[in-house]
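User: I would like to go through the terms used for this model and see what each one rests on. Please show the structure before we start.

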Amino acid sequence: MPGRPPFQLGEYNIEAGTRQTVDLPVSTLSDHTPVSMSVHVIHGKRPGPTLFVSAAIHGDEVIGVEVVRRLLRTNGLNKLRGTLLAIPIVNSFGFMNHSRYLPDRRDLNRSFPGSPKGSLASRLADIFMEEIVARSDVGIDLHSASFHRTNLPQIRLTPSKPETMALAKAFAAPLILTSKIRPNSLRQAAQEKGVDILVYEAGEGLRFDEMAARVGTAGTIRVMRHLEMLPAKSSAKARVKPIISSSSSWVRAPAGGLLRLFKSAGEDVKKGDVLGIVSDPFGEIETDVLSTEEGLIIGRTNLPVINEGDGLVHIAKINGNADPAATIDSLTSQLEQDPLFDEDEII
């Protein structure tokens with residue numbers, strides 16, 4: 001029986017049953033330092049889907065880099081069916097400079113599908129589309145909050161087909177948020193090529209968060225198990241179903257000043273609940289920050305110094321009669337007990 005053909009990426013051919021890190025040339029810095037996008041390819045002996053897992057499209061979103069690192073150290077990848085493309089740092093320019101953006105001040109996730117003759121961001125987007133997306137069947141794009149905000153671990157998707165929602169449920173982050181596609185985002189460009197993407201959001205930019213890393217790693221492995229890329233024993237199914245939301249909104253600052261928030265991501269709130277207080281520096285004027293919706297807090301600012309109109313608390317409306325607190329507690333407890341995470345993995 002003939003063996004599986006090699007996987008071609010750039011100028012490299014990765015033989016079936018092997019793994020290799022491939023450096024795809026991107027650009028050259030002004031001091032003549034070459035810049036590349038590194039892709040770790042695991043090409044299984046047996047046929048199956050091609051999945052890409054990408055992180056740091058925004059250079060300051062480092063939690064995804066940690067998720068990819070843990071994923072690549074997972075036992076059982078030698079039994080992989082199909083092909084895994086792991087890209088821990090897509091935007092190396094921003095990653096090295098602790099910045100969300102590229103040197104041209106463009107947001108890479110608003111530059112897709114890109115062009116080989118466009119801006120630096122557009123050229124990098126084009127390389128990613130041609131070398132990664134075009135060779136994949138499905139993708140998981142790892143993100144975190146930015147601008148001194150934090151996100152509850154969640155999957156965002158546009159359910160263009162039932163299989164995508166099934167993957168999101170298999171991932172089993174605490175929340176699944178169906179949301180519109182932003183123009184020129186990776187999700188939009190990939191979907192136009194028939195490649196659906198799960199967007200994982202968790203934690204804060206430039207910060208590690210242990211639970212966000214565990215949810216992201218376990219979720220990615222569960223998706224690979226769902227796709228039959230890994231054996232069933234590689235991960236345990238989630239004990240409870242994720243919470244599903246189809247809309248969300250931000251509670252914005254009623255005034256500028258110093259913010260004291262009383263609520264955290266993962267707490268459920270009622271309309272009219274006091275979420276926090278904005279005070280002037282003298283403590284003479286205090287304004288309550290009131291919840292405008294009933295739902296689950298899925299994100300919040302970490303900055304105490306705010307301006308009027310700033311987004312403070314992100315609330316998702318909950319579909320059905322889900323119990324957010326019980327769901328989050330169950331998923332958290334399961335991850336804390338998961339043998340996948342030994343003491344060496346604590347960050």
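User: How many residues of strand β17 (residues 295-301) are buried?

Analyst: Seven of the seven residues of β17 are buried, and the strand is described as mostly covered. Buried means under 20% relative accessible area, exposed over 50%, and partly exposed in between (1.4 Å probe, protein chains only). Strands (E, at least two residues) and helices (H or I, at least four) are DSSP runs, numbered from the N terminus. The model is predicted: local features need pLDDT of at least 70, side-chain atom pairs count only at pLDDT 80 or more, and totals for chains, interfaces and linings use all residues. Residues are numbered from 1 along each chain as its sequence is written, and side-chain values use heavy atoms, with hydrogens and water left out.

User: What makes β17 and strand β19 (residues 311-317) a pair?

Analyst: Two strands pair if DSSP finds at least two bridges between them. β17 and β19 are joined over four bridges in the antiparallel sense, so the criterion of at least two is met. Gly299 has His314 in β19 as its bridge partner.

User: Which bridges link β17 to β8 and to strand β14 (residues 268-269)?

Analyst: β8 and β17 run antiparallel and are joined by three bridges; Thr150 has Arg300 in β17 as its bridge partner. β14 is joined to β17 by two bridges, also antiparallel, with Asp268 opposite Leu296. Two bridges satisfy the pairing rule, because it asks for at least two.

User: Why are β16 and β18 (305-306) called edge strands?

Analyst: Each of them pairs on one side only. The open sheet has four strands in the order β16-β15-β13-β18, with antiparallel pairing. Within this sheet, strand β13 (residues 257-261) is joined to β15 by four bridges, and Leu258 has Ser279 in β15 as its bridge partner. Strand β15 (residues 274-279) is joined to β16 by five, where Ser279 has Glu286 as its partner. β15 and β16 form a hairpin with six residues between them, and Gly283 in the turn has a positive phi of about 75 degrees.

User: Why is Leu290 called partly exposed?

Analyst: Its relative accessible area is 43%. That value is not under 20% and not over 50%, so Leu290 is partly exposed. Leu290 is located in strand β16 (residues 286-290). Together with Phe262 and Val274, Leu290 makes a nonpolar surface patch of about 250 Å².

User: What makes the set of 40 residues that includes Leu84 a nonpolar core?

Analyst: A nonpolar core is a set of buried Ala, Val, Leu, Ile, Met, Phe, Trp, Tyr and Cys residues joined through side-chain atoms within 4.5 Å. The 40 residues form the largest such core, in which Leu84, Phe171 and Met224 touch the most other members. Elements that each supply at least two residues include β6 (81-87), α4 (162-171) and α6 (210-226). α6 gives the most, with seven residues. A second, separate core has 33 residues, among them Val39, Ala121, Met129 and Ala189.

User: Which residues is Leu84 in contact with, leaving aside its neighbours within four places in sequence?

Analyst: Contact means heavy atoms within 4.5 Å. With those neighbours left out, the contacts of Leu84 are His40, Val41, Ile42, Leu51, Val53, Leu71, Leu72, Met224 and Met229.

User: How do you know that Asn13 is partly exposed?

Analyst: The relative accessible area of Asn13 is 47%, which lies between the 20% and 50% limits, so Asn13 is partly exposed. Asn13 is found in strand β2 (residues 12-14). Leaving aside neighbours within four places in sequence, Asn13 is in contact with Pro6, Phe7, Gln8 and Gln20.

Methods:
Patches are made of residues with over 30% relative accessible area and no salt bridge: like charges are joined within 9 Å, nonpolar side chains (Val, Leu, Ile, Met, Phe, Trp, Tyr) within 5 Å. Accessible areas come from the Shrake-Rupley method with a 1.4 Å probe; for residues, only the protein chains shown count as cover. A salt bridge is a side-chain nitrogen of Lys or Arg within 4 Å of a carboxyl oxygen of Asp or Glu.
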